[in-house]
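Thanks for making time. I will talk through one protein chain, beginning with the whole and moving on to single places in it.

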Amino acid sequence: MNIQETIDKAIRAGLQEIYNVDIENVEFQATRKDFEGDITVVVFPFLKVIKGNPVEIGTKLGVYLTENVTEITKFNVVKGFLNLVLSDAYFIENFEKSYQIDNFGIKEPESGQKSVMVEYSSPNTNKPLHLGHIRNNLLGYSVAEIIKASGKKVYKTQIINDRGIHICKSMLAWQKWGNGETPESTSLKGDKLVGNYYVKFDQEYKKEILDLVSKGYAEDDAKKQAPLLLEAQEMLQKWEANDKTVVDLWKEMNQWVYDGFEQTYKALGVDFDKNYYESDTYLLGKDIVAEGLEKGVFYKKDDGSVWIDLTDDGLDEKIVLRSDGTAVYMTQDIGTAIQRIKDYPDVGGLVYTVGNEQDYHFKVLFLILKKLGFDWAKNLYHLSYGMVDLPSGKMKSREGTVVDADDLLLDMTNTAREISEDLGKLEGYTDGEKASLFKTIGLGALKYHILKVDPKKRILFDPKESIDFQGNTGPFIQYTYARIQSILRKADFDYALVTNINDTALEDKEKSVLKQLALFPEVVQQAAENYSPALIANYTYDLVKEYNSFYQSIPILAAEDEQEKVFRVQLSKKTSEVIKSAFDMLGIEVPERM
């Protein structure tokens, strides 16, 4: 039984004894920093069953709790809030237990429990990954790691959009203007080479539109009749007809892109357990639509198209099959979701990491799957996120104005190098160690800056602002971790032993760190339930702030009392372990020295 459960039980007993009433639930919250206390009970809800003044009720309850709960030493009441002070012995005992746990706050999956599949990245094979993909990958990867840490088995997956007119545009442009060049002959990453031809197509297509308009075509007609577009559409038809020449070129150019993506994923530090390809899944779902028609979930219009009416659920009518029998994206997503559960029968829920422009699509998808009778549909979640902007403005792939992911990663490393060299703290580092450190700091800054923000919020990302060794940044937290490693290297005594620190009153700064450490398991669970890396990031920043305040105020290795010295080193070590665990969930490395 944790302390909250202990206090909850005692409050119920106390209110029964004092007022002869039973209550439905007890509301707890963290005590505000400007009041003394470690945990706060909200008194106002008790007024539903107790007539009286909330201060008086809180005072009587506080007296009862201090007399009946050994962990509570004193209390104060501020309006309708009962602030409880916990004993030093409670915090020390809790810490001694957690100190012996290697992966404190991390739960192992329980046998028989349903696993979770997290989808992220899901790029198109006509261009390299960009800044928007970076936020998507970081969010999806981190949420997967957080759910795993909360005690569930997790599968990471992506669906690669490897077919369609946009792919044919790159292929056609390469055929016309590529002169047979390859990633090897150009020394370009394959995704960049293919992306260049996507941009080239758009440039030439716009020229053709202008030419047709100058000949008297209306602009809309010119866009539809431009020869390049007609050729791309013909190529798509040939691909769908399995034309060998087109399919062979499609396979070759897609492989260039896959190889390029893999390099970016490796640099970014994300991975996948399973890749799905749209070329394999775009026909999925048609059988399900037929079954849904029989069940009355869908209905057919006079033109033969199949729809679902969701107006009673506050949504619209949605097409799931065209009149010519071809599938739409919704059909494909229905089929892919079902296929994933077939592939991984232990999966009980899916998390889709997709931008907020698709909010409506996922509301419809999840509702359709529920209406089709799939029990796991209640465990589907759309991890919706906002755009990432740079000070320079909005990005457009076809115009070649995107912020390339590889370029941004390199820029972050170079920025970390410039700032670190300006600070001048690199004595004794080899060139290899410096290069590794700059990458760790640069990537850490990027990831933390993006993940500390609630996913739903739009981000304005400034690379230089993110690499700051002060404030709520990745490098600030990494520096604190490295500082603790320095303390541990200098500790020339055995600090693994259990201390007798119970005999000594805790310093306020020590207690603040202990309180923050104790929250970690709960924060991990909350972050998993809310699919929010921001909760982990900001918890870690709060922990680091408390630790640095302790570090600057209280001697650690210079402590005169041997027991205090051991305890403070242990406290430092555990803090660094929690920082590392938290940053592992965010996909951020921590350096041993900085």
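What follows is a short walk through a predicted model.

I start with the overall picture. The protein chain has 594 residues, and 53% of them are buried. In secondary structure, the chain holds 22 helices and 14 strands. The C-alpha trace spans about 90 × 65 × 45 Å along its principal axes. About 28,500 Å² of the chain is exposed, and carbon and sulfur atoms supply 47% of that area.

How do the contacts run along the sequence? If we take contacts between residues at least 6 apart in sequence, 73% of them join residues at least 24 apart.

On charge, the chain carries 72 positive and 94 negative charges, and the mean positions of the two sets are 2 Å apart.

Next, helix H19, residues 508-518. Which of its residues are buried? They are Glu 510, Lys 511, Val 513, Leu 514, Gln 516 and Leu 517. So what do these buried residues pack against? One partner is a strand, E4, at 81-86. The others are helices: H3 at 88-99, H20 at 520-530, H21 at 533-553 and H22 at 562-586.

Another helix, H13, covers residues 329-343 and contains Gln 332. Is Gln 332 buried or exposed? Its relative accessibility is 5%, so Gln 332 counts as buried. With residues up to four places away in sequence left out, Gln 332 touches Glu 278, Thr 281, Tyr 282 and Leu 284.

Now to the loops, of which I have picked three.

The first on my list joins helix H4, residues 131-149, to strand E6, residues 154-160, and Gly 151 sits in it. Gly 151 is buried because its relative accessible area is 4%, and the cut-off for buried is under 20%. What does Gly 151 contact beyond its neighbours within four places in sequence? The list is Lys 107, Glu 108, Pro 109, Glu 110 and Gln 113. There is also a C-alpha distance to give here: Gly 151 and Ile 106 are 45 residues apart along the chain, and their C-alpha atoms are separated by 7.2 Å.

My next loop lies between strand E5, residues 115-119, and H4, and Ser 121 is found there. Ser 121 is not a glycine, yet its phi is positive, near 75 degrees. With a relative accessible area of 4%, Ser 121 is buried.

The last loop runs between helix H1, residues 3-19, and strand E1, residues 28-29, and holds Asn 20. Asn 20 is also a residue with a positive phi, about 60 degrees, although it is not a glycine. Is Asn 20 buried or exposed? Asn 20 counts as exposed, because its relative accessibility is 60%.

I finish on the surface. Which residues form the negative surface patch? They are Asp 407, Asp 411, Glu 418, Glu 421 and Asp 422. To take one of them, Glu 421 belongs to helix H15, which covers residues 405-423. Glu 421 has 47% relative accessibility and therefore counts as partly exposed.

To recap the single residues: Gln 332 is buried in H13, and Gly 151 is buried in the loop between H4 and E6. Ser 121 is buried with a positive phi, while Asn 20 is exposed with a positive phi. Glu 421 is partly exposed and is part of the negative patch.

That is the end of the walk-through.

Note on methods
Residues are numbered from 1 along each chain as its sequence is written. This is a predicted model: local features need pLDDT of at least 70, side-chain atom pairs count only at pLDDT 80 or more; totals for chains, interfaces and linings use all residues. Side-chain values use heavy atoms; hydrogens and water are left out. Patches are made of residues with over 30% relative accessible area and no salt bridge: like charges are joined within 9 Å, nonpolar side chains (Val, Leu, Ile, Met, Phe, Trp, Tyr) within 5 Å. Accessible areas come from the Shrake-Rupley method with a 1.4 Å probe; for residues, only the protein chains shown count as cover. A salt bridge is a side-chain nitrogen of Lys or Arg within 4 Å of a carboxyl oxygen of Asp or Glu. Lys and Arg count as positive and Asp and Glu as negative; His and the chain ends are not counted. The place of a charge is taken as NZ of Lys, CZ of Arg, CG of Asp or CD of Glu. Helices (H or I, at least four residues) and strands (E, at least two) are DSSP runs, numbered from the N terminus. Buried means under 20% relative accessible area, exposed over 50%, partly exposed in between (1.4 Å probe, protein chains only). Contact means heavy atoms within 4.5 Å.
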